[in-house]
Amino acid sequence: MLVKRLLCSYTKALNRSHRVSCGNKTTTSDYHVTTCDAIMFSGRCFSSDANHAPDDGQKPVTVSLYHMKKIIKGSSTILGEAFEGPTCIQTVCPVCHIVPGAEGNNITDPIRRKIFVNKTTGNFTCSSCQYLGRWDHIEKFFPPYNRAPKTVQELRKLRDAFLELKGEHVGAVHAVPGDAILLDSIDEAREAIRCLHLENIMPETLVTVKAHWQHERQELFIPLVDVEDRTIGYKTLRVGSDGEICERTVPEANASGLVYLRCAQFNTGAKAKDQSQTNAILVLNVLDLLALGSVKLNATAVCLPHGLKALPQQCLPGLERFQKLTLWFNYDTAGWDTARNYAKKLDERRCLFVRPTDQHPTPYRALLEATTEPKTILSKAQPILHQSITTFRALRQDVLSDLQNIDKVQGVKWKRYPTLNKLLKGHRKGELTVLTGPTGCGKTTFMSDYSLDLAQQGVSTLWGSFEIRNTRLAVTLLRQMVGRPLDVNLTEFEQWADAFERLPIYFMTFHGQQPIKIVMEAIEHAQYVHDIQHVIIDNLQFMMGVLDEAKHLDRYWKQDAIIAAFRTFATKRNCHVTLVIHPRKERDTDELTTSSIFGGAKASQEADNVLIIQDKRLTSVRGKKYLQIAKNRYSGDLGILPLDFDKASLSYAQRKKKPDGGDDEASTGSNESSPIDRTVRRAF
C-alpha cells in the first residue's frame, strides 16, 4: 500500500508538472537541467537542481557515509566494483542498467553510465545527462531489494518514470554559439591573440583548449567540459571599453564543467613519468589558465567556472582523478579565504596552496611582470594540515600576506554605512556578531539593510528568520534595494526582481521555534553547497525550549550551548555569523549594555562584535535612535552610528553631506540605475 501511495503521488505530480511545462514555453539564460520545477517523489520534493532549497521547506537529506557505502557495496555483485575518490563515490547508475526483479547481471549497455555520489551531501550526479538528485531518490534502486512481485512491479513503473524524466534533461546544455569558428590552426589562434592584445599567450594553448573565435564581435569562446568531456557551457573573453579583458561564464550559476589545459611537458626523456593526469593546478580565470600553458610543468591546469563566487558540487567529479591539487588564486585575502573553503570541499589532504603575497602573483601577472618564474612560485606551495601546535616559521608567509593586504584583511566595506567602516573596519569571515535592542526598535529592518549592502558586494548570505516569513522579508529587502515602494510602480517589478534574484541571498524555510540540531544541519548544508559567507539568525530565542526533554534543562545553559555551536561553526567554516538576541527587560530610561543581553555572559564573551540599538525616542523629548558598537575585538574602536529611518526605502542608510551642507538624497544607499550583469574583469 505504501508503494502504491508513493506511485500515485509521484504520477499526479508528474502530470501536473508536464501541464505546467507545456503551458510555459519561455526560457531563461540561467542553467537548468530540468524542465520541471519540482516533482514529488517518495513523498519528498524531487528537484533536479539540488543546489536550491525545496519549496516545501523540508530540511536537506542527511545520510551517513557508512550507510551509502553499505548500500553501494551490497550491489557490487551486479553493478560491479565501486570506486571511492576524495569527494565522491563512483558507481554504475542502477536506474539506467538494472531492471528490478530481473535475475543475474542485467547490464547490456557497453557504455556504462556512471553516477557520482557526493560523500558529504549524498547528492548524485549522472555522468550521461548531468542530472542532479538526492540520495533518497535513487537509494531504493540499488540491488538487492525486496523481490515481492508487487514491490518489483511498482519499482519498475517508478524506474520507467525516472528514466523518462532523466531523458528530458539530456542536451540541456549551453553550446558555443554557431557563428564562432573553431581555432584549429596556429595562424588563426595568433590572429585572435592579436585582437585581444594577449601577445604573451602562446597560440598553441588556444588550439589545445578548442577555443572558438567570433571575428565580428571580437569574442573568444573557451568550452567548459564535463567529466565525460562533453561541452556543457563556455567562457567568453573580450576587450571592454576601458581596455580591460572582460570574462563571463555561461551558464552564470551552477555550471558543471571545467576548462582543462595540459601544460607543456619537460624534455627529460621517455623515462620521465607523466604526472599531468594526477597533478592539477586550479586557477580562477582563463587568462591564468592560458598563462600556465606556456610554462613547462608536469601538471594539468584547470580553470574553475565561477571563480571566487562558488564551486558547485557538480564540478567535483571532474577533479576526482587528480591526486594532488595546487590552488593558485588571487594574492589577496579574499582569494586566500576562498582557497581554504574550497580545500575543505575538495579534501584538504590532497590540496596545496600558493600563499597570497606580492612575491606570489597570479600566473598571468607573473607572465607579464617576468620577475618570478611560475615554477619557482609553485615550488613554494604548502599544505595546510590540522595541527594543534605551530611555529612562527609556518605562520611567516601568512603574517606577510596580512601586512601586504591590510585593507582586504579588514574585510568587506559597507557602502551604506561609512561610520561602520571607521569603527569595525569591515565585515570579516569567521567572526560572531551579536545584535540586540528593545522590542520594536527595528532590529530586523536594520539587519536586512545591513546584509543587503554586503550581498550586493558578493557576500553570500543565508537568512534564518524565525519571526517573520520569508515573503515579508524578501519584500523588505527588495524595497531597500530599489529605494522606494514598488506597490505603486508595479511596472518596474520584473526588472528589479530579476536584479534581486541575481544576488547571492538564500533563505531558510523555518518559521517559529526550531531545535538547534535541525537548524545547524541546514546551515552546514547551505555553507557546503552555496559557499555561504554570512549567516543571520533572527532571533536566537526561537531555538530554545521546543523539546519535551528540554523543558527540564536550565534556560541559560541551553542558550550557552546554542551560542557555542554557532561560535564553533563560524571558526571551523570561516563563516561570519550574526545573532539577533533580545535584551533583558529593563527600565526604559536605562541604556542597554553588553550585560543587558538575555541569558548568561557567554553571548557577550564569545562575540567578536556586539551591536546595540539604543532607542530613546519615547523616553526623551529629543531622544534619538542610534546603533552603539559596544564591543569590537578586531580594532577595539567603539562609538555610535545615528539611525535616521527613511520610510520610503525602509532603510537606515547614512546620507552623505553635500558641499553646501545639505543632504544628498542620491546617496541613501539605493541603486536606481538599471541593473546590469556584472562580469569578472582582469586588468593587464
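This briefing walks through strand pairing, an open sheet and some ring contacts in the structure above. The model is a predicted one, so please read the values below as computed from it. Two parts of the strand story get the most space: the neighbourhood of β4, which is largely enclosed by the rest of the structure, and an open sheet of 8 strands. After that come the aromatic pairs, of which the structure holds 10.

**Around strand β4**

- Strand β4 covers residues 88-92, and 4 of its 5 residues are buried, so the rest of the structure largely encloses it.
- On one hand, β4 pairs with strand β3 (residues 83-84) in the antiparallel sense, over 2 bridges.
- β3 and β4 make a hairpin, with 3 residues between them.
- On the other hand, β4 pairs with strand β5 (residues 114-118), again in the antiparallel sense, over 5 bridges.
- Gln90 is a handy residue to follow here: Phe83 stands opposite Gln90, and Phe116 in β5 is the bridge partner of Gln90.

**The open sheet**

- The 8 strands run in the order β20-β19-β21-β22-β18-β23-β24-β25, with mixed pairing.
- At the edges stand β20 (505-507) and β25 (639-642); each has a single partner strand, so one side of each lacks a neighbour in the sheet.
- From one strand to the next, the twist averages 20°.
- Within this sheet, strand β18 (residues 432-436) pairs with strand β22 (residues 576-580) in the parallel sense, over 4 bridges.
- Thr433 has Thr578 in β22 as its bridge partner.
- Helix α20 (residues 555-572) packs on the sheet and touches β18, β21 (534-538) and β22. The direction of α20 makes about 160° with that of β22.

**Aromatic pairs**

- Among the 10 aromatic pairs is the one between Phe221 and Tyr234, which is edge-to-face, with 5.5 Å centre to centre and 70° between the planes.
- Phe221 belongs to strand β10 (residues 219-225) and Tyr234 to strand β11 (residues 231-239), so this pair ties together parts that are 13 residues apart in sequence.
- Phe221 is buried, at a relative accessible area of 3%, and Tyr234 also counts as buried, at 10% relative accessibility.
- A cluster linked by ring pairs takes in Trp414, Tyr417, Phe446, Tyr450, Phe645 and Tyr652.

**Charges over rings**

- Lys345 lies over the face of Tyr528, at 5.1 Å from the ring centre.
- Arg428 lies over the face of Tyr634, at 3.9 Å from the ring centre.

Terms used: Residues are numbered from 1 along each chain as its sequence is written. This is a predicted model: local features need pLDDT of at least 70, side-chain atom pairs count only at pLDDT 80 or more; totals for chains, interfaces and linings use all residues. Side-chain values use heavy atoms; hydrogens and water are left out. Buried means under 20% relative accessible area, exposed over 50%, partly exposed in between (1.4 Å probe, protein chains only). Two strands pair if DSSP finds at least two bridges between them. Rings of Phe, Tyr and Trp (its six-membered ring) pair if their centres lie within 6.5 Å; planes under 30 degrees apart count as stacked, over 60 as edge-to-face and the rest as tilted. A charge sits over a ring if NZ of Lys or CZ of Arg is within 6 Å of the ring centre and within 35 degrees of the ring normal. Axes are lines fitted to C-alpha atoms, for helices over the stretch in contact, and angles run from 0 to 180 degrees between N-to-C directions. Contact means heavy atoms within 4.5 Å.
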